[in-house]
Amino acid sequence: MTPIIDIAGVSKRFVRELDTAERIAKALGAGIEKQTVHAVEQVDLTIKPREVLGLVGESGCGKSTLGRMVAGLMTPTEGAIRFRGDDMAALKGKAAREAALKVQMIFQDPMSSLNPRMRVETIVGEAPQVHGLVSRRQRGAYVEEMLHRVGLDPAMRRRYPHQFSGGQRQRIGIARALAVRPDFLVCDEAVAALDVSIQAQVLNLFMRLREAYDLTYLFISHDLGVVEHISDRVAIMYLGRIVEEGATEAIFTGANHPYTQALLSERPVISTAKRRFTTIEGEIPSPMKPPPGCHFHPRCPHAFARCRIERPALKQIAPGRKSACHLNDAA
Amino acid sequence: MTAPLLQVENLATHFFTRNGVAKAVDDVSFTLSRGEILGLVGESGSGKSVTGFSILRLVDAPGRIVSGRILLNGEDLASLDAEHLRAIRGKRIAMIFQDPMMTLNPVLRIDTQMIEAVQAHTSLSRSAALERCREVLAMVGIASPDERLASYPHHFSGGMRQRVAIAIAFLHEPDLIIADEPTTALDVTIQAQILAEVQKLCAGTGTALIWISHDLAVVSALADRIAVMYAGRIVEQGRTAALIEAPLHPYTRGLIDSVPSRNKRGVPLRQIAGMAPSILNLPKGCAFRPRCARGDGACLTPPQAAEHRPGQWARCFHPHLAEIRSEVPA
Ligand SMILES: Nc1ncnc2c1ncn2[C@@H]1O[C@H](COP(=O)(O)OP(=O)(O)OP(=O)(O)O)[C@@H](O)[C@H]1O
Ligand SMILES: Nc1ncnc2c1ncn2[C@@H]1O[C@H](COP(=O)(O)OP(=O)(O)OP(=O)(O)O)[C@@H](O)[C@H]1O
Ligand code: SF4
Ligand code: SF4
Ligand SMILES: [Mg+2]
Ligand SMILES: [Mg+2]
């Protein structure tokens with residue numbers, strides 16, 4: 001099947017600004033300067049129509065950056081992202097506008113992604129009207145229909161975002177995205193800010209919508225339980241690179257990459273007994289000074305000489321299964 | 001039986017706002033023994049932090065402790081004057097916050113602030129205090145403490161800053177530490193490292209711990225006992241195994257059931273209907289009633305906490321007493 005999204009050799013580099021603590025330190029005379037961050041490094045990934053691809057990894061590993069590029073909100077420094085075969089950065093005019101509508105993004109913090117001074121009916125109804133999907137006269141009914149789809153009372157369409165709970169605001173964000181009839185949704189930590197009981201409601205909604213409208217998802221989350229539940233396939237990222245990829249069950253029952261193995265063994269699961277935490281040593285290295293060779297080598301219990309020098313390629317290790325670890329060559 | 005270390009009795013902390021009285025914490029009672037770890041869980045706004053702040057007497061206007069007693073070794077913190085409170089805070093009770101920069105001063109070197117923290121409650125010399133700092137930094141798994149001591153907070157990662165904050169909390173081997181979502185902002189692998197250190201420290205020092213979190217998974221792995229808050233009240237408390245295996249309260253049960261890893265892949269998650277009420281406008285009787293499948297006319301009066309099984313308390317007229325728990329699907 002032709003992929004709906006094809007990410008080919010994509011990298012993104014930033015010049016990182018200083019954070020508050022660093023700015024204070026700099027003002028006090030510490031020699032801190034801006035640095036280049038390799039947020040995403042040579043990523044290859046394809047997503048098939050109607051599948052849910054889960055993207056996991058720890059803070060700062062580049063998940064959101066990759067997601068933003070897929071949603072067309074950022075252009076890659078290198079490589080190309082193709083939507084149904086077309087390089088999104090190369091599209092012009094009407095074709096570019098249409099492709100942009102077909103890929104929508106849903107964010108973690110619904111409050112900051114919704115204009116606080118707009119009523120829900122404008123938030124949800126504006127884009128479809130501007131893009132000619134509905135006429136001015138149809139707009140009211142269309143908005144009500146969208147609110148209904150995401151489980152909100154259409155009677156609330158004249159309210160403002162602050163008059164909703166967190167879970168309801170996330171539904172407004174979803175209704176806004178659905179209103180332009182997308183094929184593809186990038187969900188960036190879309191349930192992370194929600195309480196467990198509300199999180200379950202929103203996850204169920206995502207699954208229902210996928211069935212109803214043939215949607216494809218890139219589902220970004222640091223929560224392994226959520227990703228396991230919702231995804232068909234999973235990709236694991238570490239410091240800008242994909243280190244492992246495969247069918248959800250295969251990964252969760254038999255991780256290949258030492259980082260995936262560590263991540264899965266550390267994840268907290270509800271238990272009836274106290275548990276002894278055993279831990280991967282060391283900290284997540286800074287993306288400004290990533291270790292040479294395999295980025296994971298300073299923390300990897302299996303690291304050997306080659307790991308410190310040579311970057312392991314992401315290679316097929318079984319049908320539909322890839323991993324980037326030198327150990328796979330030894331066997 | 002020896003008296004518990006901490007005894008919170010009928011604590012109520014209310015905020016007197018323009019829109020009405022917010023009963024953030026209402027009639028909360030629990031006890032904690034020496035060296036015990038209590039997990040305090042609940043969703044956003046349920047009153048976990050305000051409970052923690054109340055114990056430390058850190059509630060500011062428009063909030064006020066309106067009733068209740070907070071007995072630490074039999075001494076009522078709720079009625080202590082400012083000077084006695086200062087002597088207790090940091091020494092016998094310490095707090096760890098979600099953001100370690102609530103504890104750390106960004107413009108001071110780590111050694112400067114840690115030595116100050118030691119000397120605030122002891123008459124140790126500078127060099128003896130420094131020795132103590134090295135000790136606690138090593139305890140929280142910080143390699144090369146000397147190098148770290150000469151650094152500023154901005155030299156550290158978030159996980160490392162949180163370790164330093166935890167080290168400061170353990171400086172005086174307090175009787176009690178209240179930790180408010182200290183690993184929520186951290187990554188799984190770093191969280192696991194910190195949980196491991198905290199477990200070891202509590203076992204080693206006999207310090208009791210209240211671990212506040214919205215994450216049942218973390219709490220269940222760490223705590224001896226769990227208390228579940230909903231809309232300002234503890235709706236259930238009991239030993240971890242009993243509470244997870246056989247929750248009494250419909251809300252506890254719903255919470256556990258809605259966790260993705262306890263549901264089959266690909267089928268809808270079991271979910272709790274509706275959403276948490278505003279504490280400014282609580283439903284009559286049991287606050288969980290509008291979301292509860294078991295609710296009936298009896299629930300229009302507020303349920304009192306009752307010990308339905310030995311050591312397991314719930315505020316509910318129709319607790320899940322007899323049923324076998326549905327199997328966790330593979
Ligand atoms: N606009 C930007 N300018 C500079 N640096 C950036 C920018 N956006 C991201 N970065 C950096 O790129 C790296 C990857 O960030 P990204 O937000 O993609 O990570 P993430 O995996 O989404 O993390 P999180 O789980 O914390 O959301 C980080 O080091 C981040 O600081
Ligand atoms: N200064 C204040 N003024 C008015 N209301 C307050 C104030 N501080 C807290 N509250 C209210 O008290 C209730 C309990 O808040 P608390 O911070 O204890 O919740 P929590 O359980 O810690 O939630 P979270 O998980 O979001 O941290 C909330 O409804 C909150 O709005
Ligand atoms: S390549 Fe080497 S360091 Fe990297 S994960 Fe494999 S064994 Fe570990
Ligand atoms: S008291 Fe009634 S409404 Fe409240 S939790 Fe129990 S059964 Fe449900
Ligand atoms: Mg992100
Ligand atoms: Mg809180």
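**Exercise 1. The interface of chain A and chain B**

Task: State how much area chain A and chain B bury between them, and how many residues each gives to the contact.

Solution.
- Start with area. Chain A and chain B bury about 4100 Å² between them, 61% of it on carbon and sulfur atoms. Buried area is the accessible area (1.4 Å probe) that two parts lose on being put together, summed over both.
- Find the main contributors. A:H229, A:I270 and A:F277 supply 18% of the area that chain A buries against chain B, more than any other three residues.
- Count residues. Chain A gives 48 residues to the contact and chain B gives 53 residues. Contact means heavy atoms within 4.5 Å.
- Look for charge pairs. The rule finds zero salt bridges across this interface. A salt bridge needs a side-chain nitrogen of Lys or Arg within 4 Å of a carboxyl oxygen of Asp or Glu.
- Look for polar contacts. The rule finds 14 residue pairs across the interface of chain A and chain B, both residues at pLDDT 80 or more. A polar contact is a pair of N or O atoms within 3.5 Å; within protein, one must be able to donate a hydrogen and the other to accept it, and residues adjacent in sequence count only if both atoms are side-chain atoms.
- Assign elements. On the side of chain A that touches chain B, two or more residues each come from α1 (20-27), α8 (196-213), α9 (224-230), α10 (248-253) and α11 (258-266) of chain A. The largest share, nine residues, comes from α8(A). Helices (H or I, at least four residues) and strands (E, at least two) are DSSP runs, numbered from the N terminus.

Ground rules: this is a predicted model, in which local features need pLDDT of at least 70, side-chain atom pairs count only at pLDDT 80 or more, and totals for chains, interfaces and linings use all residues. Residues are numbered from 1 along each chain as its sequence is written, chains are lettered from A and ligands numbered from 1 in the order in which they are written, and side-chain values use heavy atoms, with hydrogens and water left out.

**Exercise 2. Salt bridges within the chains**

Task: Place the salt bridges of A:E98, A:D329 and B:E36 in their elements, and classify the partners by exposure.

Solution.
- Set the scale. Buried means under 20% relative accessible area, exposed over 50%, and partly exposed in between (1.4 Å probe, protein chains only).
- Take the total. The structure holds 33 salt bridges over all chains.
- Take A:E98. A:E98 bridges to A:K94, with the closest N and O atoms 3.0 Å apart. Both residues lie in helix α3 (residues 93-102) of chain A, four residues apart, about one turn of the helix. A:E98 is partly exposed at 43%, and A:K94 is exposed at 58%.
- Take A:D329. Its side chain meets that of A:K315 at 3.0 Å, N to O. A:D329 lies in helix α12 (residues 327-330) of chain A and A:K315 in strand β11 (residues 315-318) of chain A, so the pair ties together parts 14 residues apart in sequence. A:D329 is partly exposed at 33%, and A:K315 is partly exposed at 39%.
- Take B:E36. B:E36 pairs with B:R225, again with the closest N and O atoms 3.0 Å apart. B:E36 sits in the loop between β2 (20-32) and β3 (37-42) of chain B and B:R225 in strand β9 (residues 225-230) of chain B, so the pair ties together parts 189 residues apart in sequence. Both B:E36 and B:R225 are buried.
- Add a network. Salt bridges link A:E121, A:E144, A:R157 and A:R158.

**Exercise 3. Two buried residues**

Task: Describe the surroundings of B:T207 and A:V56.

Solution.
- Locate B:T207. B:T207 is in the loop between α7 (188-205) and β8 (208-213) of chain B. B:T207 is buried, with 1% relative accessible area.
- List its polar partners. The B:T207 side chain reaches the backbone oxygen of B:P174 at 2.8 Å. A polar contact of 3.1 Å joins the side chains of B:T207 and B:T205.
- Add contacts beyond four places in sequence. Among them are B:G35, B:F170, B:D175 and B:C202.
- Locate A:V56. A:V56 lies in strand β3 (residues 52-56) of chain A. A:V56 is buried at 1%.
- Add its contacts beyond four places in sequence, including A:K63, A:L224, A:V234 and A:M237.
- Check a distance. The C-alpha atoms of A:V56 and A:G9, 47 residues apart along the chain, are separated by 19 Å.
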